[in-house]
2 protein chains.
Amino acid sequence: MATTKTPDATRRSERSRRAIFDAALELVGEVGYDKLTIEGIAARAGVGKQTIYRWWPSKAAVLLDAFTADAGDTENVLPDTGDLAADLKLVLRATVDEFNDPKFEAPYRALATAGANDRELSEQFVAKLQDTGVKAYVDRLAKAKEAGHIAEDVEVRIAVEMLLGPFTQRWLMRTGPLTYDFTDTLVDLLMRAVTPR
Amino acid sequence: MATTKTPDATRRSERSRRAIFDAALELVGEVGYDKLTIEGIAARAGVGKQTIYRWWPSKAAVLLDAFTADAGDTENVLPDTGDLAADLKLVLRATVDEFNDPKFEAPYRALATAGANDRELSEQFVAKLQDTGVKAYVDRLAKAKEAGHIAEDVEVRIAVEMLLGPFTQRWLMRTGPLTYDFTDTLVDLLMRAVTPR
């Protein structure tokens, strides 16, 4: 059997992969992680379940790839214009838009709550997705600290948690609206905490 | 039929009530909210399920009362020694102890995640429990603001979210340890953000 695919086969594979990802994200938002099955994903994607099992060992693996493919590399590096507050506000406003979009937020909510109840899923999954996002902020703040825009004694990781924790909490527990005003205020307060005196 | 109970009957009722609360909190931590049933609570508590249905219309109602009874009124008012940072550190250290105690954290985790996936439960339940806790902090910070220890332009509610959001996130997503050092650092950073210049 040939190990190299024809261009047509590659296109078909890519189409199937995309259909599987879309199906997985839709379904987990609709039925929750517990009730998600490979069979269900296959049916929704219009592929055989063998196609899925050939590429991924579990539903968790499919979802992890689906989320990573969707997020692309866009979240891994924050902009750096030299104006930390402006950069943070820009990125958080984009995040507000994302979390107010049911297409994005439903699967993410299903996973976040499944992860909270399932330590193994959490470690392999929520931690991986979440850490990628957190790391981009940590890196940006670390650069600002090197540049002298953040006080020497500030623990950058904790500062990032003070920025993202309130956002994630409001979203997950629906304790308040996710608005630009909210995230701008968070950034302004954080800047007062971290800016050298 | 008499509407007044004898002292013995009152004691028996109180004992049953306590047994039902303990059973509900244990069980929700063990099996999760979805699989929790009135029948299961009754069996664990050693009471008939009619006893439960006589007092509560649903499992959500039982749990809400069980949590409220457990929390007592202790969390509704924060200490006020005049030293805001010291008061916040004291309360948050006690909260660290609570959330590191499996007996407390397992049912709370089950409820928090069930609430995140179920808007109605969330509104009636997570919001009610959570708002009580948040309100105590908001009240304490509002008093500090009146006393001039917090800058005029600080939105007290957002400041509280910056304090509690990172804590709840670490706990729920297991993204870091809950330690006194962590909560002390949160308080120190927050004080830098809110203290008048």
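Q: How much area do chain B and chain A bury between them?
A: In this predicted model, chain B and chain A bury about 3600 Å² between them. Of that area, 55% is on carbon and sulfur atoms. The general idea is simple. The size of an interface is often given as the accessible area lost when the parts come together.

Q: Which residues of chain B lose the most area to chain A?
A: Look for B:Met162, B:Met173 and B:Arg192. Together they account for 19% of what the chain B side buries.

Q: How many residues are in contact across the two chains?
A: Count each side separately. Chain B brings 39 residues, and they are in contact with 39 residues of chain A.

Q: Why do the copies meet through the same surface?
A: Compare the two lists of interface residues. Here, 100% of the interface residues of chain B are also interface residues in chain A, so the same surface serves both copies.

Q: What turn and what shift lay chain B on chain A?
A: The turn is 180°, and the shift along the axis is 0.0 Å. The fit has an RMSD of 0.1 Å. The two copies are therefore related as by a two-fold rotation axis.

Q: Now the helices. How are two packed helices described?
A: Two values do the job: the angle between the axes and the distance between them. Try chain A. Helix H5 (residues 84-99) of chain A packs against helix H8 (residues 156-173) of chain A at about 15°. Their axes are 12 Å apart.

Q: Are H5(A) and H8(A) roughly parallel or roughly perpendicular to each other?
A: Angles under 35 degrees count as roughly parallel. H5(A) and H8(A) are therefore roughly parallel. Their crossing is right-handed.

Q: Which residues meet where H5(A) packs on H8(A)?
A: From H5(A) come A:Leu88, A:Leu92, A:Thr95, A:Val96 and A:Phe99. From H8(A) come A:Leu163, A:Leu164, A:Phe167 and A:Trp171. By type, the contact has eight nonpolar residues, one polar and no charged.

Q: At what angle do helix H1 and helix H6 of chain B pack?
A: Helix H1 (residues 7-31) of chain B and helix H6 (residues 102-117) of chain B pack at about 65°, with their axes 8 Å apart. Angles of 65 to 115 degrees count as roughly perpendicular. H1(B) and H6(B) are therefore roughly perpendicular to each other. This crossing of H1(B) and H6(B) is left-handed.

Q: Which residues of H1(B) and H6(B) meet?
A: B:Leu25, B:Val28 and B:Gly29 of H1(B) meet B:Ala106, B:Pro107 and B:Ala110 of H6(B). That contact divides into five nonpolar residues, one polar and no charged.

Conventions:
Residues numbered from 1 in each chain as written. Chains lettered and ligands numbered in written order. Predicted model: local features only at pLDDT ≥ 70, side-chain atom pairs only at ≥ 80, totals over all residues. Heavy atoms only, no water. Axes fitted to C-alpha atoms, helices over the stretch in contact; angles between N-to-C directions. Helix = DSSP H or I, 4+ residues; strand = E, 2+ residues; numbered from the N terminus. Parallel < 35°, antiparallel > 145°, perpendicular 65-115°, else oblique. Left-handed = near helix turned anticlockwise from the far one by under 90°. Contact = heavy atoms within 4.5 Å. Nonpolar A, V, L, I, M, F, W, Y, C, P; charged D, E, K, R; others polar. Least-squares fit on C-alpha atoms with pLDDT ≥ 70 in both. Buried area = accessible area lost by both parts, 1.4 Å probe.
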